[in-house]
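Open the model in your viewer and keep the selection panel at hand. The stops below go from one pair of strands outward to the whole chain.

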Amino acid sequence: VFEVQCLHIPVHDRTPFEGLVTLVEETVRLEHASRLNCPIYLVGDSLGGCLALAVAARNPSIDLVMILVNPATSLGRSRLQPFLPILEAFPDGLHVRTIPFLLSLVIAFVLMRSGEPLKMAEVGVEGRLLPKQKIERISSNLTALLPFYSGLADILPTETLIWKLKLIKSASAYTNSRLHAVKAEVLVLASDKDHLFPSGEEALRLKKLLPNCMIRIFKDNGHTLLMEDSMNLLTVIKGTCKYRRSKSHDFTKDFLPPSMSEYRYTFNNVFGFLNFASCSSLFSTMENGKIVKGLAGVPDEGPVLLVGNHMLLGMDLSSLCEAFLREKKILVRGVAHPELFWGNFHTSSNVFNFFDLMKVMGAMPVSPKSLLKALSTNSHVLLYPGGAREALHRKGEAYKLFWPNQPEFVRFAAQFGATIVPFGAVGEDDMAKVVFDYYDYMKIPMLNDRIKEVIRSGGVQIRDKAKGEVASQEIFIPGMIPKIPGRFYYLFGKPIKLKGREDLVENRESANEVYLQAKAEVERCIGYLLKKREEDPFRSIINRLIYRTFHAPLH
């Protein structure tokens, strides 16, 4: 994805901090001159974070994206500072090998405490391995790390260690005095278990001081974040929408398909339990009306617009997207509420979370512009016309559609000759029961005021001109009681081909007829599934587990 250049500082190099800044600055300016319209990314880890910020402060006119990993700007509050006077107290010329014990203690504290060795040993160990295999792999990786730590005294002489600490001290002072001049886009990645610097606190401080700063805090990682398991820098860049090829991020042009490791992490680690518990069964409708198991009835060639009902909390998303990737090698681009991209949900969360992962897997904010761009690239686009109103429905409203009256998605699909595939999904009532909904929240004065305040203070509103229930798009988490898991069922109806139907773009009456046809097909699919699931002997997870125990593998 990137052309990568790395700054290397040799062990015996004594270039002062401003000299290093000049070195990086010259390289950045050369790159900028050859690619005027492309952003340049500076990834600064620890001391490198100070370097990146200093370069940004001195070059406000260059389009830079700063990714700071546990930056050393917090040296004044770190555990490193007490070691500086200790090391400086050594007599000149005293050879390292005459004080191996003390030096080993210092280096062991500085470097062993800086990272999480177990996290580093877990790199490359797949989550689906058997416990015995996992232990063997981790043990082998830990053993391989030991020579690295035992040889540190030879690699890092006392003079070099003293110089590095002085360098960090000058870097921190220089950079902190120039933070006001940083105008670049900044992403700070901070480890909560960083025993070297108070990186979590520093991330929050930088977020307040820098005008265009986003932070992500990693709860279980140490100072060596980029070397540890569960950390993939490109995934974080994609999930925070920081990847761009021009002045601003474009959800269509700048989208990078998920890698195999991202696919495995999403559907094995994050959604693994839900997918196992729900054991989804998917069906589709061929052009002759025959219903078949699988997705054969859904066109392989785009543009395709999948239109259906939203189950509670959007729990239908994972199984549907995974099935398209597994069976048809197609990544479905889902359109989601803008709140997840720009509103309170986006700004209030400082950890790399589920919503970031949705963006990695192709989610984009719902808007006419996003939908048109996705269809123009012949994508398979997933649209829930009922939006948040269906996903966060009230008690007794399962499988009820809350669609707007405007047939806009039909007109957009006709503009690009897309195929509309209506579908129904059922199974939420076999997973959980809503016991506390929006109306219950509104009856409690404190919660009522809080929800309204959140909406006023930054909540993104869509369909503000819509009328009726569909206009109610408040974001809240309903109270639920889990059930013994049942099963998810999907039925994709007969495709509605709009190739050659450009007349629908201007003829709203004809477009509305197609719109009502799609809505009716969704309701038919829901009714069909609710009836047919009664005949499924494996609807209950208990029956499925019994069968699997004696007859079938987990998949």
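Start by selecting residues 64–69 and 185–191. These are strand 2 and strand 3 of a predicted model; the two run parallel and are joined by 5 bridges. Within this pair, pick V69 and look across to strand 3, where L189 stands opposite.

Now widen the selection to the sheet. It is an open sheet of 4 strands with parallel pairing, in the order 1-2-3-4. Add residues 40–45 and 213–218 to see its edges: strand 1 and strand 4 each pair on one side only. On average, neighbouring strands here are turned by 15 degrees against each other, direction ignored.

Next, select residues 199–209. This is helix 9, which lies across strand 2, strand 3 and strand 4. Relative to strand 3, helix 9 runs at about 160 degrees.

Move on to the surface and select I484, I542, I546 and F550. Together they form a nonpolar patch with about 460 Å² of accessible area. Stop at I484, in the loop between strand 13 (479–482) and strand 14 (489–492). Is I484 buried or exposed? Its relative accessibility is 60%, and the cut-off for exposed is over 50%, so I484 counts as exposed.

Finally, show the whole chain. Its secondary structure comes to 23 helices and 15 strands. Of its 555 residues, 52% count as buried. The chain exposes about 27,100 Å², of which carbon and sulfur atoms supply 59%. Among contacts with a separation of 6 or more, 82% are between residues 24 or more positions apart.

Key:
Residues are numbered from 1 along each chain as its sequence is written. This is a predicted model: local features need pLDDT of at least 70, side-chain atom pairs count only at pLDDT 80 or more; totals for chains, interfaces and linings use all residues. Side-chain values use heavy atoms; hydrogens and water are left out. Patches are made of residues with over 30% relative accessible area and no salt bridge: like charges are joined within 9 Å, nonpolar side chains (Val, Leu, Ile, Met, Phe, Trp, Tyr) within 5 Å. Accessible areas come from the Shrake-Rupley method with a 1.4 Å probe; for residues, only the protein chains shown count as cover. A salt bridge is a side-chain nitrogen of Lys or Arg within 4 Å of a carboxyl oxygen of Asp or Glu. Buried means under 20% relative accessible area, exposed over 50%, partly exposed in between (1.4 Å probe, protein chains only). Two strands pair if DSSP finds at least two bridges between them. Axes are lines fitted to C-alpha atoms, for helices over the stretch in contact, and angles run from 0 to 180 degrees between N-to-C directions. Contact means heavy atoms within 4.5 Å.
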